[in-house]
Each structure stands twice: as C-alpha cells, then as structure tokens.
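This report describes one structure for a reader who has not seen it before. It takes up a buried charged residue, the salt bridges and the nonpolar core in turn.

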Amino acid sequence: MEDRLKGLRKSMEKTAFKQLEFTEKHQHNVRNKMKKLNSSDDEVFLAVMQLLVHEKTGYDLLKHIRGRGILKFEDNEGFIYTLLHRLEHNNCLITRWDDSEGKHYQLNNKGKKLLQKAEKNSVKKIVVLRELLEG
C-alpha cells in the first residue's frame, strides 16, 4: 500500500468517523437493503433468462415478467432492452427480426449454460446470505 494511505483508517477514525454510531437499528436497515437488492436483481436476471429459453419478443418478455409479479420494469420498460442488448452483445442470444412483431430473442447454448450457472448460484447465494444475515 502507498505510504500516504497507510494511516488513513486511523486518521478517519479520529476525525470523520469519530461521531458515527452504528446502532442495532442501522444494522437492521442495512441487512434489509442487502436482502432487497440481492433478491430483486437476481430475481429479475433469473426470470429474464428462464423466460428466454423459448423465443419471445421484448413486449412478450415484459408481459411474462409482470405475470411473475416483478415490477422492476414498470415505468422503465427500456431497461429490459438494455439487458437484452447486453445479453446479445455477450453472444448469449439468438435474435431474429420479424416484420410484423419485431425482434425475437432466445437463449443460445452459451446463454443456456449461463442460465444453469445463475440458477445454481442463486440457490447458493440465498443460503450464504441467510447464514450471514441470520447469524
């Protein structure tokens, strides 16, 4: 570590963080936010990947996501297309254009492997987070 950073922590404890209290209430709020962020984002990604096992348009995908009770894309439907573009850019999707319905998306083999990995990891993450957060 650089010499100028060695004493930073001690200095911060003596100055900026001297008045800071991390109460039980603060800890509880942080734990709740961690649960919401992790489960929400993982849930959305996993749902999108699972739904793309079969070909869908972006509109169809949004309908199915809403059907699962996921409201992350409400008032921000463009975000789903950003996610689809990233998956396409990472060569995880097969895409095709249809004159009447628009662009269709489906997982390719690489995408299916990513889905399997995500499903395994989501189960592991849930178990690890519960252990960490519950004691």
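## A buried lysine

Lys56 is located in strand β1. The model it belongs to is predicted. Lys56 is buried and yet forms no salt bridge. Asp60 is the nearest side chain of opposite charge, and it is 7.2 Å away from Lys56. A salt bridge calls for a nitrogen and a carboxyl oxygen within 4 Å.

What does the side chain of Lys56 reach? The side chain of Lys56 reaches the backbone oxygen of Leu51, at 3.1 Å. With neighbours within four places in sequence left aside, the contacts of Lys56 are Leu51, Leu61, His64, Lys103, His104 and Tyr105.

## Salt bridges between separate parts

How many salt bridges does the structure hold? There are three salt bridges in the structure. One of them joins Arg96 to Glu55, with 2.9 Å between the closest N and O atoms. Arg96 belongs to strand β2 (residues 93–98), while Glu55 is in the loop between α3 and β1 (56–57), so this pair ties together parts that are 41 residues apart in sequence. Arg96 is partly exposed, its relative accessible area being 39%. Glu55 also counts as partly exposed, at 35% relative accessibility.

Lys103 and Glu88 form a salt bridge through their side chains, with an N to O distance of 3.0 Å. Because Lys103 lies in strand β3 and Glu88 in helix α5, the pair ties together parts that are 15 residues apart in sequence. Is Lys103 buried or exposed? Lys103 is buried, with 18% relative accessible area. Its partner Glu88 counts as partly exposed, at 24% relative accessibility. Lys103 is also among the residues in contact with Lys56.

## A salt bridge within one helix

Lys63 and Asp60 form a salt bridge in which the side chains meet at 3.9 Å, N to O. Both residues are in helix α4, and they are separated by about one helical turn because they are three residues apart. Lys63 is partly exposed, with a relative accessible area of 40%. Asp60 counts as partly exposed too, at 23% relative accessibility. Asp60 is also the residue named above as the nearest side chain of opposite charge to Lys56.

## The nonpolar core

The largest nonpolar core consists of 22 residues. Val48, Leu52, Leu61, Ile65, Ile80 and Leu87 are those with the most contacts inside this core. Which elements give two or more residues to the core? They are α3 (24–51), α4 (58–67), α5 (78–89), β3 (102–107) and α6 (109–134). Helix α3 supplies six residues, the largest share of this core.

For Val48, leaving aside neighbours within four places in sequence, the contacts are Leu61, Ile65, Ile80, Leu83 and Leu87. Leu61 is also in contact with Lys56.

## Val44 in helix α3

Val44 is a residue of helix α3. Its relative accessible area is 5%, so Val44 is buried. Where does Val44 stand with respect to Ile65? The two residues are 21 places apart in sequence, and their C-alpha atoms are 8.1 Å apart in space. Beyond neighbours within four places in sequence, Val44 is in contact with Ile70, Lys72 and Phe73.

Definitions and conventions
Residues are numbered from 1 along each chain as its sequence is written. This is a predicted model: local features need pLDDT of at least 70, side-chain atom pairs count only at pLDDT 80 or more; totals for chains, interfaces and linings use all residues. Side-chain values use heavy atoms; hydrogens and water are left out. A nonpolar core is a set of buried Ala, Val, Leu, Ile, Met, Phe, Trp, Tyr and Cys residues joined through side-chain atoms within 4.5 Å. Buried means under 20% relative accessible area, exposed over 50%, partly exposed in between (1.4 Å probe, protein chains only). Helices (H or I, at least four residues) and strands (E, at least two) are DSSP runs, numbered from the N terminus. Contact means heavy atoms within 4.5 Å. Lys and Arg count as positive and Asp and Glu as negative; His and the chain ends are not counted. A polar contact is a pair of N or O atoms within 3.5 Å; within protein, one must be able to donate a hydrogen and the other to accept it, and residues adjacent in sequence count only if both atoms are side-chain atoms.
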